[in-house]
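This report looks at two groups of strands and how they pair. The structure is shown below for reference.

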Amino acid sequence: MSSSSTFFLTNSFSSVSGSTHLRRLFNNVRYGSGGGGGGVRIAASLNVEVQAPDLSKEVMDESNKVFVGTYARAPLVLSSGKGCKLYDIEGREYLDLTSGIAVNALGHGDSDWIRAVTEQANVLTHVSNLYYTLPQLELAKRLVANSFADRVFLSNSGTEANEAAIKFARKFQRFSHPDEKQPPVEFIAFSNCFHGRTMGAVALTSKEYYRSPFEPIMPGVTFLEYGNVQAAKELIQSGKIAAVFVEPIQGEGGIYSATQEFLQALRTACDSAGSLLVFDEVQCGLGRTGHLWAHEAYGIYPDIMTLAKPLAGGLPIGAVLVTERVAAAINYGDHGSTFAGGPLVCNAAVAVLDKISGPGFLASVAKKGQDFKELLVKKLGGNSHVRDVRGVGLIIGIDLDVPASPLVEACQQSGLLVLTAGKGNVVRLVPPLTITEQELDHAAEILFNCLPVLDKTANN
């Protein structure tokens, strides 16, 4: 569809200006049932046809006036979605390989998810954690039944889940060393890691530009090279480490997978020293690798696992899964949240978990991911700027020798949405897990056709 979609007006634009005009314009917009394919049309009392204004520019200009400037957004205003397709406000269609940063695992508008949300919204949405609710219990029971864990703490995001894990680790060490004035309180994290932006989680995040504007931050964190077995073993054995935080597959860091040797060494060293091993699966967990949990492929299990992004299919949630040994150290009042684990969000999460945890679903993710990676290697691997195509399941990175942003922008102009990662030189592909083989083929074709922009980047 053309960006200059036709519409009708009830009043002339000259009588309406600024944000008032924008509100009235949106209040009258009616989208076609095809998720944007039906175009944009405004109901009319004056049957006078004119060209649509640049609605996207108006939205972006108005947004820049009222929001704190924390996001470098793409110049794109999205209005609807269905399956693995998104539509902007002018009706253009995009194939979505971002999933809202690995959140929309079931795509947009999944019927089971919609049913779970709408049915629960009609019954009960929020009561706080002063009371018990059935959806919260059902979700916790499923998480325990399908993992290493014995107990669950629910939060509202991945960074909140990691904040809880930090507190739980320190409380566990004090509980385990009641007679010591200085129990282990320090942490290990790794190069290229990302654990969140709140003050504890950002202290565990390796990129200095995330941390330096907010110093002093939580002390006692040492960053080691991801995969360096010897350095990790030596520091863990010092007896100062409360917990080791590690992503089995680094998403934000550039789609790097841990080796079997590395994770096993961490597990063995933590067991020997009494440190806790925390797996951050906020991005790589819940089916994205073709396993329900990324660590299952290694046969190595943590003491604590943090989850978030895809768990409620687009609603805000986080979870901390722990063993009984860890849970025994936590008492009433040690942590909490007003909104976490509300019945609406939990009912949505039950629907997501039930669908993703099926062996047929997980097998399809593994197969689609393997086929897609092989196709990308075949189509893109011969390009001089492509250094590597890596990943597992449907978390894939294309490592470039030039910045990835021009390729990302060219893909957007061609109807494909992808992300960057690493130091800005990795194209990150995290599509809905429900994406079809045909859609993945189409994505690979667009990526291939857009590769020439990298030559322009290299020559500038």
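## Burial of strand E14

A residue counts as buried when its relative accessible area is under 20%. The model discussed here is predicted. In strand E14 (residues 276-280), five of the five residues meet the criterion for buried, so the strand is largely enclosed by the rest of the structure.

In a regular strand, side chains alternate between the two faces of the sheet. Both faces of E14 are covered. Leu276, Val278 and Asp280 are buried on one side, and Leu277 and Phe279 are buried on the other.

## Partners of E14

Strands of a sheet pair through backbone hydrogen bonds, in a parallel or an antiparallel sense. E14 pairs with strand E11 (residues 241-246) in the parallel sense, over four bridges. Within this pairing, Leu277 of E14 has Val244 opposite it.

E14 is also joined to strand E15 (residues 304-307) by three bridges, and these two strands run parallel. Here Asp280, one of the buried residues of E14, has Thr306 in E15 as its bridge partner.

## The four-stranded sheet

Which strands form the open sheet, and in what order? The order is E5-E6-E7-E19, with mixed pairing. Strands E5 (78-82) and E19 (416-417) are at the edges; each has a single partner strand, so one side of each lacks a neighbour in the sheet.

Strand E6 (residues 85-88) pairs with strand E7 (residues 93-96) in the antiparallel sense, over three bridges. Lys85 stands opposite Leu95 of E7.

Key:
Residues numbered from 1 in each chain as written. Predicted model: local features only at pLDDT ≥ 70, side-chain atom pairs only at ≥ 80, totals over all residues. Heavy atoms only, no water. Buried < 20%, exposed > 50% of the residue type's maximum accessible area, 1.4 Å probe, protein only. Pairing = 2+ DSSP bridges.
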